[in-house]
Amino acid sequence: KQIPYYEGVPVSTFGEGSFYWNEAGRLVYAGKDFSTRFGIDVSAYQNRAIPDKTIDWNAAKADGVEYAFVRVGLRGTSTGGLNADAFYAQNLDGAAAAGIDTGVYFFSQAITVEEAVEEANYVLSLLGGRQLACPVAYDWEMHDSSYRVYGISAAMATACAKAFCETIEAAGYRAMVYTSSYVAYNKFDLSALSAYPIWYPEYKSADSTVLYPQLYYRPNYWQYTSKGSVAGLSGNVD
């Protein structure tokens, strides 16, 4: 299958030598075209791995974390119910108090535009007017046929993403789209979503021979591992 051409979407210029592992085991950008920052994303999974369920955000800040995306909530993959992340408020307020810039993400399973708008309004209600330095990300994922979004058309998937982002931005926040390469090439028309930054996951390890994101289009945020280690948290972190 060919990679689709999306008008108005910047093409990636990353290549061999763009990134390297530093002494802390983190990928660092070696080029001069962009400035970069180091961040993490967290959800209740991270809190529950800590005995007192509380992330030490000051320790994370001291360990180089400059921004954090906090899961604010999710729609269930089967029943489709809306749920808040049990620790979203604690994480947002704790990170902000430590001087870490914050954004949020919502795990979407929207199959209609109405559901996408419902999700965006739910996020806005949970934020309660909090100020965010980073975007509100639409995290729409489809791993297998057990997900209620499985089989949704590309036109509807794109319309849902656009509706969510437009609702978020109408409330004064910056919106962003999370997308894997499969979704970027098969489910989202990135031309229709070109107004919004891209958060792209592609994991690397010490064994990786290619140390740059393989997405044809340029991501704004690269989630390069699900097995990161950061002070103030237990276990793995993105």
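Tutor: Rings of Phe, Tyr and Trp pair if their centres lie within 6.5 Å. Keep that in mind as we look at this predicted model.

Student: Which residues do ring pairs link into a cluster?

Tutor: Ring pairs join Phe-14, Phe-19, Trp-21, Tyr-29, Phe-34, Trp-222 and Tyr-224 into a cluster. Over the whole structure, a search turns up 20 aromatic pairs.

Student: What makes Trp-21 and Tyr-224 an aromatic pair, and why is the pair called edge-to-face?

Tutor: Their ring centres are 6.1 Å apart, and the limit is 6.5 Å, so they pair. The planes stand at 65° to each other. Planes over 60 degrees apart count as edge-to-face, so that's the label this pair gets.

Student: Where do Trp-21 and Tyr-224 sit in the chain?

Tutor: Trp-21 is in strand S1 (residues 19-21), while Tyr-224 is in the segment after strand S10 (221-223). They're 203 residues apart, so the pair links distant parts of the chain.

Student: How do you know whether Trp-21 and Tyr-224 are buried or exposed?

Tutor: Set each value against the cut-offs: buried means under 20% relative accessible area, and exposed means over 50%. Tyr-224 has 13%, so it counts as buried. Trp-21 has 28%, which lands in between, so Trp-21 is partly exposed.

Student: What about Tyr-216 and Tyr-217: why is that pair edge-to-face?

Tutor: Their planes are 90° apart, and over 60 counts as edge-to-face, so the name fits. The centres are 5.0 Å apart. As for burial, Tyr-217 is at 1%, so it's buried, whereas Tyr-216 is at 39%, so it's partly exposed.

Student: Why is Glu-115 called buried?

Tutor: Its relative accessible area is 15%, and the cut-off is under 20%, so Glu-115 is buried. Glu-115 belongs to helix H4 (residues 113-127). Leaving aside neighbours within four places in sequence, Glu-115 is in contact with Arg-75, Gln-109, Ala-110 and Arg-148.

Student: What lines the largest pocket?

Tutor: This pocket has a volume of about 950 Å³. Of its 36 lining residues, Arg-37, Phe-38, Gly-39, Tyr-67 and Trp-222 are the closest to its centre. The lining divides into 19 nonpolar, 10 polar and 7 charged residues.

Student: Why does Gly-39 count as polar there?

Tutor: Gly isn't among the residues that count as nonpolar or charged, so Gly-39 goes with the polar ones.

Student: And which element gives the most to the lining of the second largest pocket?

Tutor: That's H1, with 4 residues. The second largest pocket holds about 450 Å³ of space.

Definitions and conventions:
Residues are numbered from 1 along each chain as its sequence is written. This is a predicted model: local features need pLDDT of at least 70, side-chain atom pairs count only at pLDDT 80 or more; totals for chains, interfaces and linings use all residues. Side-chain values use heavy atoms; hydrogens and water are left out. Rings of Phe, Tyr and Trp (its six-membered ring) pair if their centres lie within 6.5 Å; planes under 30 degrees apart count as stacked, over 60 as edge-to-face and the rest as tilted. Helices (H or I, at least four residues) and strands (E, at least two) are DSSP runs, numbered from the N terminus. Buried means under 20% relative accessible area, exposed over 50%, partly exposed in between (1.4 Å probe, protein chains only). Contact means heavy atoms within 4.5 Å. On a 1 Å grid over the protein atoms alone, a cavity is a set of points where a 1.4 Å probe fits but cannot get out, and a pocket is an open set with protein on both sides within 12 Å along at least five of seven lines; lining residues have an atom within 4 Å of a point. Grid points are joined across faces, edges and corners, and a volume is the space filled by probe spheres set on the points.
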